[in-house]
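Visitor: I'm a first-year student, and I'd like a close look at one helix. Could you walk me through it and then show me how the rest of the chain fits around it?

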Amino acid sequence: MAKTKSKKNSRMIFWVQLTIAVILIATISGGLLQIGGSEQGSSAAPNFPPWIAGLKIQNYLTGEDAKKQLNTLSDESVALRDAWIAFYAEDAVVWIGQANSESEAGRLLNVIREKTQSVISSVPDLKLQPVNKKGITVYAIRFGNQVNYIYQRYDKIFWLSVPYDKAESFLNEVLDSLN
């Protein structure tokens, strides 16, 4: 009986993770779909560190390439000026989207929070937890062995997906190195 319950919990966690990832991608790509091209209003790409929390960068995407990676679903909520994605070892990902203003970035953060909360509300013990890190409100949620962090800094939205054992140090290093 315990094994059956454990398998059900594992499957439920998998589906919740997948659903949250789809929500984040849908919300993010909705903003990206409103942009005619990354050249207009584009700013310099962030300088992704080659190593974060002992994890080496594997690949990164910028501009149109980053948009193509995220343009799988549509949600017409917020327009973004640009996007960047960095892929690190152990399936760690840093996604950064730049809105047209700080208020639009705040609106996008609220959409992501609300959609995420509505998905996880049916799963016991899963909560989107706000924590204060270095003066920034960061929303965290753990699914299995991954921790997802979502936060706003100025006109940018950050989404980090990190292995649990590296989560705290990864977040702190990103907060220190990327604006």
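Guide: Happy to! Let's begin with helix α3, whose buried residues are Ala105, Gly106, Leu108, Leu109, Val111, Ile112, Thr116, Val119 and Ile120. Please keep in mind that this is a predicted model. In general, an α-helix has 3.6 residues a turn, so residues three or four places apart point the same way. Keep that in mind as you read the list again: Ala105, Leu108, Leu109 and Ile112 are among the buried residues of α3.

Now for the length of the helix. Helix α3 covers residues 102-120, which makes 19 residues, and at 1.5 Å a residue they should span 27 Å. The C-alpha atoms at its two ends are 27 Å apart, so the expectation and the model agree.

Just before the helix comes a loop between β4 and α3, and asparagine 100 is found there. Asparagine 100 counts as partly exposed because its relative accessibility is 40%, and the cut-offs are under 20% for buried and over 50% for exposed. Aspartate 82 is 18 residues away from asparagine 100 along the chain, and their C-alpha atoms are separated by 9.0 Å.

Let's step back to the whole chain. It has four helices and eight strands, and read along the sequence they follow the pattern α-β-β-α-β-β-α-β-β-β-β-α. Of its 179 residues, 47% count as buried. Take the contacts between residues at least 6 apart in sequence: 63% of them join residues at least 24 apart.

Leucine 61 gives you one pair of residues to look at. This leucine is found in strand β2, and it is buried because its relative accessible area is 16%. Leucine 61 and alanine 86 are 25 residues apart in sequence, yet 6.4 Å apart in space from C-alpha to C-alpha.

Next, follow the strands that pair with β8. Strands β4 and β8 run antiparallel and are joined by six bridges, with isoleucine 96 standing opposite phenylalanine 158 in β8. Strand β7 also pairs with β8 in the antiparallel sense, over eight bridges, and here arginine 153 stands opposite lysine 156 in β8. The hairpin of β7 and β8 has two residues between the strands, and tyrosine 154 in this hairpin takes a positive phi near 60°. Eight of the eight residues of β8 are buried, so this strand is largely enclosed by the rest of the structure.

That brings us to the nonpolar cores. In soluble globular proteins, nonpolar side chains tend to be buried together. The largest nonpolar core here has 26 residues, and those with the most contacts inside it are Phe48, Tyr88, Val94, Tyr151, Leu160 and Phe170. Among the elements that give two or more residues to this core are β4, β7, β8 and α4. Its largest share, five residues, comes from α4.

Try zooming in on phenylalanine 170. Leaving out residues up to four places away in sequence, phenylalanine 170 touches Ile52, Ala53, Leu55, Tyr88, Ala92, Val94, Leu160 and Val162. Apart from this core lies another, of 22 residues, and Ala105 is among them, along with Val93, Leu126 and Phe143. Ala105 takes us back to our starting point, since it is one of the buried residues of α3.

Note on methods: Residues numbered from 1 in each chain as written. Predicted model: local features only at pLDDT ≥ 70, side-chain atom pairs only at ≥ 80, totals over all residues. Heavy atoms only, no water. Core = buried A, V, L, I, M, F, W, Y, C linked by side-chain atoms within 4.5 Å. Buried < 20%, exposed > 50% of the residue type's maximum accessible area, 1.4 Å probe, protein only. Contact = heavy atoms within 4.5 Å. Expected span 1.5 Å × (residues − 1). Pairing = 2+ DSSP bridges.
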